[in-house]
Amino acid sequence: MTGPDVVIVGGGHNGLVAGAYLARAGRRVQVLERLDHVGGAAVSAHAFDGIDARLSRYSYLVSLLPRRIVDDLGARVRLVRRRYSSYTPDPATGGRTGLLIGPNSTFGTIGAAGDEAGFAEFYRRCGMVTSRLWPTLLQPLCTRDEARRQVGDDATWRLIVDEPIANAITDAASNDLVRGVMATDALIGTFARADDATLVQNVCFLYHLLGGGTGDWDVPVGGMGAVSGALAAAAAGHGAEIITGAEVYAIDPDGDVRYRRDGEEHLVHADFVLANVTPVVLARLLGDQEPTLAQGAQVKVNLMLRRLPRLRDDSVTPEQAFGGTFHINETFSQLDTAYTRAEHGVVPDPLPCEIYCHSLADSSILSDSLRESGAHTLTVFGLHTPHSLIAGSDPDRMRDTLTSAVLKSLNSVLAEPIQDVLMEDSAGRLCIEAKTTLDLERTLGMTGGNIFHGALSWPFAENDEPLDTPARRWGVATEHDRILLCGSGSRRGGAVSGIGGHNAARAVLQS
């Protein structure tokens, strides 16, 4: 029996994209997934016993998935736009006023009318960078100088790429809350200050605004599991073999892959092995020295509500406030203070948080009876909770501590405790599910709970970087010619995008 040409280790969305492209091109492809299902972090689940709702358990919104990948593979992925960009209660008034951004933005209600023009100009300039760089993500890497020339505005390039993003933000707006709304995209999943000299926050900021060239974050119809399901169907439809329950335990640089399944050991050889795992996990499988990766810095809490909670701000409806990203305790100064506390090993109080309500944009994840009852899902994402806070502590106790911090932060801007509108599962437990960085590491193999598989990198090569092989040109190279990265740890990886999978497949096909 003829073996595969390519083995893909890890059946997350990037592995499925790579498998689909390669199988479509006529390669024999085998995808090995450790868990009993594919999708990695892009999965949906009935998180609460007896509650018929399919929550996006880990990742939740889609911005960086190019339409071209979906169309190329014939994947049935549907996305819907949220009506509002964001709502942010003003902590200075206890949440009795707030900033709504979208149709009829309300800068004046928080005393920031003078910042509205600067806010708009800031994002116009960001768009000059993102709209020109976005098409390059599915092309071989350009150099830093080539990327700068493509943007064509050196002053804007310096603000976004060369200097701490805090400088551009504080120049554009004077209001602490407005500045915080602008800064959050630089800090989600990245443990840094907005003025960090390393510029890791700038890279994070760029990726959050890069999707489609516009930075729109859309809701996947049916939840994140529907995205992975569509990609798995596309991969299988093109002829890729997907094997679940296959735990890879060793990879040889020559292309041998060893895995266990159903109590038996298997050996498979391929011309190329694509690694849809973190660089640390790959090094472990190869027996190489493990690199040091940036730690994750977030906690995610899923909630199931009987109805949306009442707000202290009676100028907006809950549907408006939760119709986009709901920012909580994320002023510029609060974000900085939270970082300082976390850096010293203390859980931030108040904890900066962001909320997404999937069910307002896509109610298909709820059963008919839940929809009719007015029930909703909420996903709360807490910032500045680095893995170092959790590693070495009692994981259950720290999960409870972080969950309490999330709920306390949320309650600080509501007119009623969130606990009063939470549903109960079939055992009478409140519908709260928390996922820490340790949970991500243990369940999904994400080293240090980093949702990006390590620090994000600029979507271009440095001017002196060698681009002399297909793998290097596509940003998927490792130290071994047959072994390529294809996941979030690749250059231009991170988030649910499929870009790492697409680029690894292109490198194989050009080798």
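**Exercise 1. Pairing at one end of a sheet**

Find out how strand β6 (residues 86–89) and β7 are joined in this predicted model, and which residue of β7 is the bridge partner of Y87.

*Solution.*
Step 1. Look at the directions of the two strands: β6 and β7 run antiparallel.
Step 2. Count the links, and you will find four bridges between β6 and β7.
Step 3. Pick out Y87 and look across to β7, where its bridge partner is L100.
Step 4. Now check how β7 is covered. G98 and L100 lie on one side, L99 and I101 on the other, and all of them are buried.

**Exercise 2. The whole sheet**

Work out the order of the seven strands in the open sheet, and explain why β7 (98–101) and β18 (432–435) each have one side without a neighbour in the sheet.

*Solution.*
Step 1. Walk across the sheet from one edge: the order is β7-β6-β15-β16-β17-β14-β18, and the pairing is mixed.
Step 2. Stop at the two ends. β7 and β18 stand at the edges with a single partner strand each, so one side of each has no neighbour in the sheet.
Step 3. Compare the directions of neighbouring strands: ignoring direction, they are turned by 15° against each other on average.
Step 4. Zoom in on one pair in the middle of your list. Strand β15 (residues 325–328) and strand β16 (residues 353–356) are antiparallel and share three bridges. For I328, the bridge partner in β16 is C353.
Step 5. See what lies against the sheet. Helix α16 (residues 395–411) packs on it and touches β14 (298–305), β15, β16, β17 (376–383) and β18. The direction of α16 makes about 65° with that of β14.

**Exercise 3. A strand covered on both faces**

Decide how many residues of strand β2 (residues 29–33) are buried, and in what sense β2 pairs with strand β1 (residues 6–9).

*Solution.*
Step 1. Go along β2 residue by residue: five of its five residues are buried.
Step 2. Sort these residues by face. V29, V31 and E33 are on one side, while Q30 and L32 are on the other.
Step 3. Turn to the partner strand: β1 and β2 pair in the parallel sense, over four bridges. Across from L32 in β2 you will find V9.

**Exercise 4. Rings that meet**

Classify the ring pairs F107 with F119 and F322 with F326: which is edge-to-face and which is stacked?

*Solution.*
Step 1. Start with F107 and F119. Their ring centres are 5.3 Å apart and their planes stand at 65°, so this pair is edge-to-face.
Step 2. Place the two residues on the chain: F107 is in the loop between β7 and α3 (116–133), F119 is in helix α3, and 12 residues separate them.
Step 3. Check their surroundings, and you will see that both F107 and F119 are buried.
Step 4. Move on to F322 and F326. With 4.6 Å from centre to centre and 25° between the planes, this pair is stacked.
Step 5. Test these two for burial. F322 has 1% relative accessibility, so it counts as buried. F326 is buried too, with a relative accessible area of 0%.
Step 6. Widen the view: ring pairs join F107, F119, F122, Y123 and F205 into a cluster. The total count is 11 aromatic pairs.
Step 7. Finish with a charge and a ring. The charged end of R260 sits over the ring of Y249, at 3.9 Å from the ring's centre.

**Exercise 5. Helices in contact**

Describe how helix α7 (residues 176–183) and helix α12 (residues 332–343) cross, and find what the buried residues of α8 pack against.

*Solution.*
Step 1. Follow the two axes: those of α7 and α12 come within 6 Å and cross at roughly 60°.
Step 2. Name the arrangement. This angle makes α7 oblique to α12.
Step 3. List the residues that touch: D176, R179, G180 and A183 come from α7, and F332, S333 and L335 from α12.
Step 4. Go to helix α8 (residues 200–210), where 10 of the 11 residues are buried. Among them are F205, Y207 and H208.
Step 5. Ask what covers them: the buried residues of α8 pack against α3, α5 (154–162), α6 (165–172) and α7.
Step 6. Look just past α8, where G212 has a positive phi of about 65°.

Notes
Residues are numbered from 1 along each chain as its sequence is written. This is a predicted model: local features need pLDDT of at least 70, side-chain atom pairs count only at pLDDT 80 or more; totals for chains, interfaces and linings use all residues. Side-chain values use heavy atoms; hydrogens and water are left out. Two strands pair if DSSP finds at least two bridges between them. Axes are lines fitted to C-alpha atoms, for helices over the stretch in contact, and angles run from 0 to 180 degrees between N-to-C directions. Contact means heavy atoms within 4.5 Å. Rings of Phe, Tyr and Trp (its six-membered ring) pair if their centres lie within 6.5 Å; planes under 30 degrees apart count as stacked, over 60 as edge-to-face and the rest as tilted. Buried means under 20% relative accessible area, exposed over 50%, partly exposed in between (1.4 Å probe, protein chains only). A charge sits over a ring if NZ of Lys or CZ of Arg is within 6 Å of the ring centre and within 35 degrees of the ring normal. Angles under 35 degrees count as roughly parallel, over 145 as roughly antiparallel, 65 to 115 as roughly perpendicular and the rest as oblique.
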